[in-house]
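Colleague: I have a model open on my screen. Can you take me through the terms used for it?
Modeller: Gladly. Ask away once we both have it in view.

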Amino acid sequence: MSGAQVDGIRVGPGITGDSADDLLRVAELVRSVPDYPQPGVLFRDITPVLAHGESFATVTTELAANAGEADLVIGVEARGFLLGAAVALVAGVGTVPVRKAGKLPAVAASRSYDLEYGSATLELPAGVVEPGTRVYVVDDVLATGGTARATAELVQACGAVVVGVAVLMDLAFLPWRAALGDVEVTSLLTVE
C-alpha cells in the first residue's frame, strides 16, 4: 500500500495495514472539481465520503483513535461540525462548534485569520470550554493552517489546551505546517 495514490491523494503518514487500505477506498470517493471556487483551483469535495456510510464510519473511527485523552472535541464550521460530532461520539466525549462570526448568542473569544481565498473570523461559544480542558480540534481539510491556528488560539484564550488537530485531508502543497508549529496533526489523507 505504501506510495499508493488515487487522483493525487495518498494515505496520510503513519497509517498502515487495513486502515491504509480502508482510507485508500475513502480517497476514491473524494470528488475533484476543477476551477472552484475560482479558476485554476482543483477543489476536493468530501461530500461523497460523508454520504457513504462505510467510509464515513472509517473516517470517524480513524480520527477518534487519535483523540487520546481529550475531554472535548471542537468541530470547525461547517463540515468540521459533522466530523467533530461523530468523532466525539466515538471517543465518548462532548463536542462544541467553532462558528463563523455573528452566529453565536454569547462569545467567549474571537479570532480573525487569512484563508487561501480571503479572510474570516471564528468565534467560540461562551461558557462551554473550561480552563484546563483538553481539546481535540477536528476539521475537514487543512490548507494554509489559518483556520486550525485560529481555532487553537480560541481554545487557548479560554485557558484550555489543544491536544491535537485532526483532519480528513491535508493539502501538502500548501504551508499549513508553518502555521501550526509543534501542534500534533493527524491527517488521514494527503493531497500531493
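Colleague: Where is the place of Pro37?
Modeller: Pro37 is in the loop between strand 3 (31-34) and strand 4 (42-45). Bear in mind that this is a predicted model.

Colleague: What makes the peptide bond that joins Tyr36 and Pro37 stand out?
Modeller: The bond between Tyr36 and Pro37 is cis, with omega about 5 degrees. Most peptide bonds are trans. A second cis bond runs from Glu77 to Ala78, with omega near 0 degrees. Ala78 sits in the loop between strand 5 (72-76) and helix 4 (79-91).

Colleague: What is the sign of phi in Asp35?
Modeller: Phi of Asp35 is positive, near 60 degrees, and Asp35 is not a glycine. Most residues other than glycine have a negative phi. Asp35 lies in the loop between strand 3 and strand 4. Asp7 also has a positive phi, about 50 degrees, without being a glycine. Asp7 is in the loop between strand 1 (5-6) and strand 2.

Colleague: Now the sheet. In what order do the strands of the open sheet run?
Modeller: The order is 1-2-11-10-9-5-6-8-7. That is nine strands, and the pairing is mixed.

Colleague: What makes strand 1 and strand 7 edge strands?
Modeller: Strand 1 and strand 7 each pair on one side only. Two strands pair if there are at least two bridges between them.

Colleague: How do you know that strand 2 and strand 11 pair?
Modeller: Count the bridges. Three bridges join strand 2 (residues 9-11) to strand 11. The cut-off is at least two, so strand 2 and strand 11 count as paired. They run antiparallel. Val11 stands opposite Leu189 of strand 11.

Colleague: How many bridges join strand 10 to strand 11, and in which sense do they run?
Modeller: Six bridges join strand 10 (residues 161-171) to strand 11, and the two run parallel. Ala166 is opposite Thr186 in strand 11.

Colleague: Why is strand 11 called largely enclosed?
Modeller: Check its residues. Seven of the seven residues of strand 11 (residues 185-191) are buried, so the rest of the structure largely encloses it. Buried means under 20% relative accessible area.

Colleague: What makes strand 9 mostly covered?
Modeller: Seven of the nine residues of strand 9 are buried.

Colleague: Which strands pair with strand 9?
Modeller: Strand 10 joins strand 9 over eight bridges, and they run parallel. Here Leu142 stands opposite Asp170 of strand 10. Strand 5 pairs with strand 9 over four bridges, in the parallel sense. Gly75 has Val138 of strand 9 as its bridge partner.

Colleague: How do you know that helix 4 packs on the sheet?
Modeller: Look at what helix 4 touches: strand 5, strand 6 (94-100), strand 9 and strand 10. The direction of helix 4 makes about 135 degrees with that of strand 9.

Colleague: Which strands does helix 3 lie across?
Modeller: Helix 3 (residues 53-64) lies across strand 9, strand 10 and strand 11. Helix 3 runs at about 140 degrees to strand 11.

Colleague: Why is Ala85 called partly exposed?
Modeller: Its relative accessibility is 35%. Buried is under 20% and exposed is over 50%, so Ala85 falls in between and counts as partly exposed. Ala85 is in helix 4. Leaving out residues up to four places away in sequence, Ala85 touches Gly80 and Thr95.

Colleague: What is the volume of the largest pocket?
Modeller: The largest pocket has a volume of about 890 Å³. Of its 36 lining residues, the closest to the centre are Phe43, Arg79, Leu115, Glu116 and Val141.

Colleague: Which element gives the largest share of the lining of the largest pocket?
Modeller: Strand 9 does, with five residues. Among the other elements that give two or more residues are strand 4 and helix 5 (146-157).

Colleague: How many residues of each class are in the lining of the largest pocket?
Modeller: The lining has 25 nonpolar, four polar and seven charged residues.

Methods: Residues numbered from 1 in each chain as written. Predicted model: local features only at pLDDT ≥ 70, side-chain atom pairs only at ≥ 80, totals over all residues. Heavy atoms only, no water. Buried < 20%, exposed > 50% of the residue type's maximum accessible area, 1.4 Å probe, protein only. 1 Å grid on protein atoms, 1.4 Å probe; cavity = no way out; pocket = protein on both sides within 12 Å on 5 of 7 lines; lining within 4 Å. Points joined across faces, edges and corners; volume = space filled by probe spheres on them. Nonpolar A, V, L, I, M, F, W, Y, C, P; charged D, E, K, R; others polar. Contact = heavy atoms within 4.5 Å. Axes fitted to C-alpha atoms, helices over the stretch in contact; angles between N-to-C directions.
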